[in-house]
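Work through these three exercises with the model open. Try each task before you read its solution.

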Amino acid sequence: MKEFGGKALFLDRNDINTDEIIPAKYLTENTKLALQPYILEDLKLGGFNPRKDIEGKGVIVTRANFGCGSSREHAVWVFEVNDINVVIAESFARIFRQNMYNCGMLAIELPKKDIETIFSLGDAVTISVDLTGCTITAQGDKKVAILFKLNEFDKKLVEAGGWLAYADKNY
Amino acid sequence: MGKTIAEKIFAAHLRDTPTPENVILDIDVVMCHEITTPIAITDLEARGMDRVFDTTKIKAVIDHVTPAKDSKTAMQGKIIRDWARRHKIQDFFDIGANGVCHALFPEKGFVRPGYTVIMGDSHTCTHGAFGAFAAGVGTTDLEVGILKGVCSFRTPETMKITITGALQDGVSAKDVILFIIKKLTVNGATDKIMEFSGPVVEAMSMEARMTLCNMAIEAGGTCGICLPDRVTAKYLWPFIKDQYESIDLAVEDFFQWHSDPDATYVQEMTLDVSTLVPQVTFGYKPDEVKDVTEMEGTPVDQVYIGSCTNGRIEDLRSAARILKGKKIAANVRGILSPATPKVYSQALEEGLIAIFMEAGFCVTNPTCGACLGMSNGVLADGEICASTTNRNFNGRMGKGGIVHLMSPLTAAATAVQGHITDPRKLL
């Protein structure tokens with residue numbers, strides 16, 4: 001199975017929607033890779049500079065209801081083509097969460113206090129995810145290990161490499 | 001133990017239970033449009049899996065950008081058009097016959113009580129108005145739907161919203177759902193099905209019920225759902241008349257899907273809407289909602305009437321009621337996009353199009369249009385639109401633009417006055 005983790009990009013706001021992650025005007029692109037430059041282009045977050053702030057990041061850490069709004073899987077692909085394969089949040093919109101697991105990527109929900117802990121580790125935080133032990137290790141000003149819950153079916157999708165592969169085998 | 005309507009539909013479509021929390025359902029209708037389907041098609045082709053599970057259960061339309069505006073959107077249209085022809089998908093609606101998916105497909109009678117419906121579009125929840133389970137999905141779910149006719153869901157949890165009282169004149173289903181979203185917030189219904197019932201819903205037309213269910217997703221809901229009744233049966237009658245001897249028998253049959261009196265809900269809420277006034281959004285989230293009286297006087301540059309939320313014949317009628325014999329303000333650009341060709345021709349016959357045009361509105365072909373800033377009606381930086389659509393997200397109708405969501409009545413009153421206006425003053 002592929003490795004999940006990387007440097008954390010902190011998006012300190014609730015309700016970040018799919019139009020902010022990838023604006024609708026780019027939905028006319030017919031390849032995933034073409035989406036790459038437009039990541040988080042319309043994100044309303046003071047001081048955020050998508051091109052600069054995203055560089056070298058592999059994990060997004062954010063607040064509640066991430067990915068609300070449209071069903072566009074482009075919001076997942078734009079992370080994938082920017083080498084981000086984990087989003088950690090207090091909660092997700094249903095379709096975004098399902099799209100992540102359908103693509104074999106991780107949308108990890110943590111209680112508010114654990115999200116606060118990761119936010120408190122400073123600006124430079126590196127996160128690794130151990131799927132077998134359902135543990136996130138975050139190394140910033142100090143190192144913390146946090147347990148998370150992973151739905152068994154979602155785990156199977158990640159192991160299978162996504163829903164299409166799983167469904168083709170099972171149905 | 002009793003079951004909710006969603007639990008009954010899930011039980012009737014259960015293919016697999018991979019874990020106690022997850023179910024795989026058989027899908028009755030897989031709907032497709034030209035924005036999210038082409039990537040599914042090209043991916044299936046690349047994998048050597050260019051097949052469809054059942055051509056009669058797939059419905060496709062070009063609606064978001066039509067006519068095509070540039071080479072990229074022309075290619076999206078071409079990919080879905082070629083695919084529909086290749087697989088002999090009969091129910092494919094191209095230019096001249098196309099319209100906004102969630103208005104067009106119900107008109108064609110494609111959704112029935114007890115059905116399961118998916119589409120690569122978040123406003124698929126609209127079809128719950130027919131007593132169906134209908135959910136928006138991403139492209140991978142759509143691919144599997146096209147290929148296998150199945151989709152995965154979490155075990156359903158239902159929130160019961162009982163709407164009581166009586167709506168005053170000038171207040172509509174749009175105001176009711178905006179008010180509900182304000183109460184629930186943008187994630188108050190996440191992973192839940194929103195079951196709408198009570199005397200106000202029973203008195204609503206199918207058009208109004210579709211408006212109500214359309215915005216369930218704006219509270220995070222998986223699906224909005226209404227209990228199918230005589231109103232549903234009458235709407236569907238041209239499509240089901242060979243199946244039932246009478247409307248009464250259809251209504252009786254639909255009753256099998258009704259939630260049992262002892263069904264379990266995760267949350268119950270009763271709203272008396274007798275004193276509800278027209279609702280308008282502010283800010284960038286659909287739960288940022290105020291009474292119109294608090295928003296009056298806000299200047300607007302554009303008024304947009306259309307979309308899967310409010311582009312149906314009743315919506316045009318209610319806006320025309322205000323616009324008749326009036327001109328829109330000089331500072332306002334008015335745009336009307338009837339949702340389907342049928343709505344358009346009906347509006348022509350009823351003289352509604354003439355009312356809009358004499359008032360100074362531009363009338364476009366049926367399309368999703370300005371709603372998501374993909375084709376026409378895009379706002380310039382700093383411009384404000386009064387809109388009957390469903391999302392006021394930052395940049396939704398164009399970078400730097402601001403959208404205030406409201407009913408067709410409020411939008412029409414706003415167009416006439418040039419600033420946000422309580423429609424009750426003009427009735």
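**Exercise 1. Domains of chain B**

Find the domains of chain B in this predicted model, and describe the side of domain 1 that touches domain 2.

Step 1. Take the bounds. The assignment for chain B gives domain 1 (5-270) and domain 2 (281-425).

Step 2. Place them. Their C-alpha centres lie 24 Å apart.

Step 3. Count contacts, with C-beta atoms within 7 Å as the cut-off. Domain 1 of chain B brings 33 residues and domain 2 of chain B brings 30 residues.

Step 4. Name the helices. H4 (101-107), H6 (173-184) and H8 (206-214) of chain B each supply at least two residues on the domain 1 side. H6(B) gives the most, with 6 residues.

Step 5. Sort that side by class. It has 12 nonpolar, 13 polar and 8 charged residues.

**Exercise 2. The contact between chains**

Which element of chain B gives the most residues to the side that touches chain A?

Step 1. Start with the totals. Chain B puts in 46 residues, and chain A puts in 38 residues.

Step 2. List candidates. Elements that give two or more residues include strand E1 (14-19), helix H3 (71-86) and helix H5 (139-148) of chain B.

Step 3. Choose. H5(B) gives the most, with 6 residues.

Step 4. Check the classes. The chain B side holds 14 nonpolar, 20 polar and 12 charged residues.

**Exercise 3. An open sheet**

Trace the sheet that contains E10 of chain B.

Step 1. Write the order. The 4 strands run E11-E10-E9-E12 (chain B), with parallel pairing.

Step 2. Mark the edges. E11 (223-226) and E12 (267-272) of chain B each pair on one side only.

Step 3. Read the turn. Neighbouring strands are turned by 25 degrees against each other on average, direction ignored.

Step 4. Zoom in. E10 (residues 192-197) of chain B is joined to E11(B) by 4 bridges. Met194(B) stands opposite Gly224(B) in E11(B).

Notes:
Residues numbered from 1 in each chain as written. Chains lettered and ligands numbered in written order. Predicted model: local features only at pLDDT ≥ 70, side-chain atom pairs only at ≥ 80, totals over all residues. Contact = placed C-beta atoms within 7 Å. Nonpolar A, V, L, I, M, F, W, Y, C, P; charged D, E, K, R; others polar. Pairing = 2+ DSSP bridges. Axes fitted to C-alpha atoms, helices over the stretch in contact; angles between N-to-C directions. Domains from an automatic or database assignment.
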